[in-house]
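Hello,

Here is the structure I said I would pass on. My notes on what was found in it follow below.

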Amino acid sequence: KKNLLIKNIKNDLKRMNQLITDISNFTRLKAEIELEKNQYIKLNDFFNEIPRIFTNNNKGLKLIFKKHTEDFEILGNKNKLIQVFINLIDNSISMSPERSKILIQLGKVDEKFISIRFYDQGKGVDLKDSEKIFERFYSDRQENLKNHTGLGLSIAREIIEHMKGSISLEKSNKSDYPGACFLITLPVKQ
């Protein structure tokens, strides 16, 4: 009983530490968004940088990037946009089976906006929770809850909205990727 109690206390402490770190990062992020300078980001070049961050994911997932023929530029903070990609890819990794794929596709909505869709092969998210998942501390995870605090999607939305864009969950239109599909729209440089 004593060993079980100590193990449970260690797990609770680890979870609280993770929660405190994530809350601190979220608070700092909100301040940084206001203070940091934006720059023009060429999205095809940006897409080339992202795979280097995820070279050693422990589930052997494959990242597939589909660029657009046009090299769109957006105005934003590159480091914060990287954070959005990290949060969405980490989310997909945690919800997908081993050796599956994540597709990130750049598209054009119209003359003023581009789209970035994140498709995965996980179990997906119920569309009735499409707004709830962006709330701070919300998680619908049954397993591996102790490693996630429910702040990743909230942080992603905060960053994207600051860049005058939007992020939402939609039904996947690709049969090869029946899991979650996140859609980001951002204004493009005119």
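Isoleucine 9 counts as partly exposed, because its relative accessibility is 44% and the partly exposed class runs between the 20% and 50% limits. Please keep in mind that this is a predicted model. Isoleucine 9 sits in helix 1, which covers residues 2–35. Together with Leu5, Leu13, Met16 and Ile20, Ile9 makes a nonpolar surface patch of about 500 Å².

Now the overall layout. The chain holds four helices and seven strands, and from the N terminus the order of elements is α-β-α-β-β-α-β-β-α-β-β. Of the 190 residues, 42% are buried. Among contacts with a separation of 6 or more, 74% are between residues 24 or more positions apart. The accessible surface of the chain is about 11,200 Å², and carbon and sulfur atoms account for 49% of that surface.

The interior comes next. The largest nonpolar core contains 42 residues, and Leu81 and Phe85 have the most contacts inside it. Helix 3 (residues 78–95) is the element that gives the most to this core, namely seven residues. Once neighbours within four places in sequence are set aside, the contacts of leucine 81 are Ile41, Leu43, Phe46, Ile74, Ile159, Ile160, Met163 and Leu186.

A polar residue to look at is aspartate 120, in strand 5 (residues 113–120). Its relative accessibility is 3%, so aspartate 120 counts as buried. The side chain of aspartate 120 reaches two backbone nitrogens: that of glycine 122 at 2.9 Å and that of alanine 180 at 3.1 Å. Beyond its neighbours within four places in sequence, aspartate 120 is in contact with Ser92, Ser96, Lys101 and Ile102, and also with Tyr177, Pro178, Gly179 and Ala180.

Asparagine 38 belongs to the loop between helix 1 and strand 1 (39–42). With a relative accessible area of 40%, asparagine 38 is partly exposed. The side chain of asparagine 38 reaches the backbone nitrogen of asparagine 77 at 3.3 Å. With neighbours within four places in sequence left out, asparagine 38 is in contact with Leu75, Gly76 and Asn77. Which residue, 125 residues apart from asparagine 38 along the chain, has its C-alpha atom at a separation of 8.9 Å? The residue in question is methionine 163, which also appears among the contacts of leucine 81 listed above.

Two backbone angles should be checked when you go through the loops. Arginine 99 is not a glycine, yet its phi is positive, at about 60 degrees. Arginine 99 is placed in the loop between helix 3 and strand 4 (101–108), and it is exposed, with a relative accessible area of 68%. Lysine 164, likewise not a glycine, has a positive phi of about 70 degrees. Lysine 164 lies in the loop between helix 4 (152–162) and strand 6 (166–170). At 65% relative accessibility, over the 50% limit, lysine 164 counts as exposed.

Regards

Note on methods. Residues are numbered from 1 along each chain as its sequence is written. This is a predicted model: local features need pLDDT of at least 70, side-chain atom pairs count only at pLDDT 80 or more; totals for chains, interfaces and linings use all residues. Side-chain values use heavy atoms; hydrogens and water are left out. Buried means under 20% relative accessible area, exposed over 50%, partly exposed in between (1.4 Å probe, protein chains only). Contact means heavy atoms within 4.5 Å. Accessible areas come from the Shrake-Rupley method with a 1.4 Å probe; for residues, only the protein chains shown count as cover. A nonpolar core is a set of buried Ala, Val, Leu, Ile, Met, Phe, Trp, Tyr and Cys residues joined through side-chain atoms within 4.5 Å. Patches are made of residues with over 30% relative accessible area and no salt bridge: like charges are joined within 9 Å, nonpolar side chains (Val, Leu, Ile, Met, Phe, Trp, Tyr) within 5 Å. A salt bridge is a side-chain nitrogen of Lys or Arg within 4 Å of a carboxyl oxygen of Asp or Glu. A polar contact is a pair of N or O atoms within 3.5 Å; within protein, one must be able to donate a hydrogen and the other to accept it, and residues adjacent in sequence count only if both atoms are side-chain atoms.
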